[in-house]
Amino acid sequence: MCGIVGYIGFRPAAPVLFEGLKQLEYRGYDSYGIATHSNEIFIHKKKGKVSEFSPDETTLPGTCGIGHTRWATHGIPSDLNAHPHTDCNEQIAVVHNGIIENYAHLKRELRAKGHTFRSETDTEVIPHLLEDLNEGDLLKAIQKMVNYLEGSYAVLAISNDCNRLIAVKNRSPLVLGIGDGEFFAASDITPLLEYTNRVLYLEDGDIAEISVDGYEIYQGSTQVSRRVHEIQWAPETVQKGGFPHFMLKEIYEQPEVINRAIHSLTPDSIPRFLYDAKSMTVVACGSSYHAGLIFRYLAESACGIPVRVEFGSEFKYNSVPLTDVIIGISQSGETADTLSAIHKGNCSNVQTVAITNVLNSSITRYADNTILMQAGPEISVAATKSFTAQLGVLLQMISLLSGQVSDEFLSHAGVSIDKVFLLNLDDAVSLCAKAEHIFFVGRGPFYPVMMEGALKMKEISYIHAESYAAGEIKHGPFSLLSPETPVIATCLPGPAYAVMLGNLKEMKARGTPIIAIGSEEDTELSELADVLIPLEEKHIFLEIVAVTVILQLLAYHTAALLGREIDKPRNLAKSVTVE
Ligand code: M6R
């Protein structure tokens, strides 16, 4: 839930670390810090966002160092709780992503031995433990230390007495970048792209010792080798490219992204056991969960098999009957709740499939099969292009499993998004920006599409937004309707059109402003709605994709009008690696 980065080579380390942390800020942004090594250890750390640091903070000396951007778990965001953390004598500095579950016990023992703690973090036990175990060789101390730690950790450590970087990983991601005479370590590949495309993914239990001359990787004290991958992502993909926010850039990438995602799944690449499955369970969180719900509506009707959709966070702790297949959906591939749900499937010998955006992420190691959605790096905390890519993969999966491949969907998905970009959403945006509460309603597969719209709205505009299956709103929530609570509704031609129109009339009768997404030729709807957002598509998959993008833009422009911090909404982090 934090971002870590390390560098050793020939460049001044501090600017490399600061720039790297900026790329990782989506993982956490309440405080940041770096430590460099140049005969002794130099530290700069502070509450706040690394993107707001001043250039003179980059003057720490040395060509080796570590950095951290934090999403607080243990202890409030503060200068003291910011990483790096050090031992009593400031000889060892450490940054950590993850949670040390037995930290309280370790802290008590270390205190009893005379160690003095300065922060409220779980992480601080690591440098003190290393101090306790260190007999002049940091690598050996770390090899001993891992036997004491319980929990998840990606740790980078440096010490006063050597120009080396030590990296250790257990259940938190850590990747090494291999340059010419320089090496990098980071929570993901984005900080490395500017310098190298050669990367190596550490496995759980790996300890890497890195110097300017090269690196060695150990499991315990046994040396192991890991494959070096060549990454295709270009450095520009992690820059804003002229857009005011990453979110808007990522929304505009979607025509290309969805085409890539759809075509990533072919009759040959789809795992064979999916064809034989008589029942499926999808496990996911947040936006990915909504993609799973949309899949359920459409797969049940097209393939005739029951599909259950579970929150990752609920699945592990409830005893539910298992299905033939478990599909885990996760953009990051690191969401702890989804990983533990997949793990539960593995323990029960159920076939598992991961749909993810990140090559070699943890979910790809947990699942029997992986489908890469190929959305490219998504930096904004709010999921947009990754959600659309999930739709691309899942809708294409339905087409292939049901044997009803639609040329319309294959060839027009990108075009239908391009058409959304031409819509004028100003009236809808100004209605939303004035509201304190907004309802999002739909029926059938459009219900989870509206759930996703409501999540996007609340996540980045901070307006309270709730979604309902349109038929349910009269069973209680009606009491909340008023001229101050707009309702956004999908009311497209189809089997539920007439009842949906009836529901909207009932809401309108309570004075509620209606923003409807429907057919331009629908005069009845256009007379009823305060704002009609016109949509003409010939296939339900295209309608779903188009409505998704309309709602993303509505949330984005509302948040922009309200001056919100769009790419990094308060209290959130993109990758949620704690349960
Ligand atoms: O990486 P994942 O897809 O597993 O992430 C799951 C959720 O945390 C994520 O979709 C979250 O809800 C988004 N920020 C919403 O925009």
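Visitor: When does a charge sit over a ring?
Guide: A charge sits over a ring if NZ of Lys or CZ of Arg is within 6 Å of the ring centre and within 35 degrees of the ring normal. In this predicted model, the charged end of Arg570 sits over the ring of Tyr462, 3.8 Å from the ring centre.

Visitor: And which ring does Lys344 lie over?
Guide: Lys344 lies over the face of Phe315, 4.9 Å from the centre of that ring.

Visitor: Turning to ring–ring contacts, how many aromatic pairs are there?
Guide: The count comes to 9 aromatic pairs. One of them joins Phe183 and Tyr215, with 6.0 Å centre to centre and 70° between the planes, an edge-to-face arrangement.

Visitor: Which parts does that pair tie together?
Guide: Phe183 lies in strand 10 (residues 183–186) and Tyr215 in strand 13 (residues 214–219), so the pair ties together parts 32 residues apart in sequence.

Visitor: Is Phe183 buried or exposed?
Guide: Phe183 is buried, at 8% relative accessible area, whereas Tyr215 counts as partly exposed at 28%.

Visitor: Why is the pair of Phe439 and Tyr468 tilted?
Guide: The ring centres of Phe439 and Tyr468 are 6.1 Å apart and the planes meet at 45°; planes under 30 degrees apart would count as stacked and over 60 as edge-to-face, so this pair is tilted. Phe439 belongs to strand 21 (residues 437–442) and Tyr468 to strand 22 (residues 464–469), so parts 29 residues apart in sequence are tied together.

Visitor: What is the relative accessible area of each?
Guide: Phe439 is buried at 5%, and Tyr468 is partly exposed at 23%.

Visitor: Which residues do ring pairs link into a cluster?
Guide: Tyr7, Phe184 and Tyr195 are linked into a cluster by ring pairs.

Conventions
Residues numbered from 1 in each chain as written. Predicted model: local features only at pLDDT ≥ 70, side-chain atom pairs only at ≥ 80, totals over all residues. Heavy atoms only, no water. Phe/Tyr/Trp six-rings, centres within 6.5 Å; stacked < 30°, edge-to-face > 60°. Helix = DSSP H or I, 4+ residues; strand = E, 2+ residues; numbered from the N terminus. Buried < 20%, exposed > 50% of the residue type's maximum accessible area, 1.4 Å probe, protein only.
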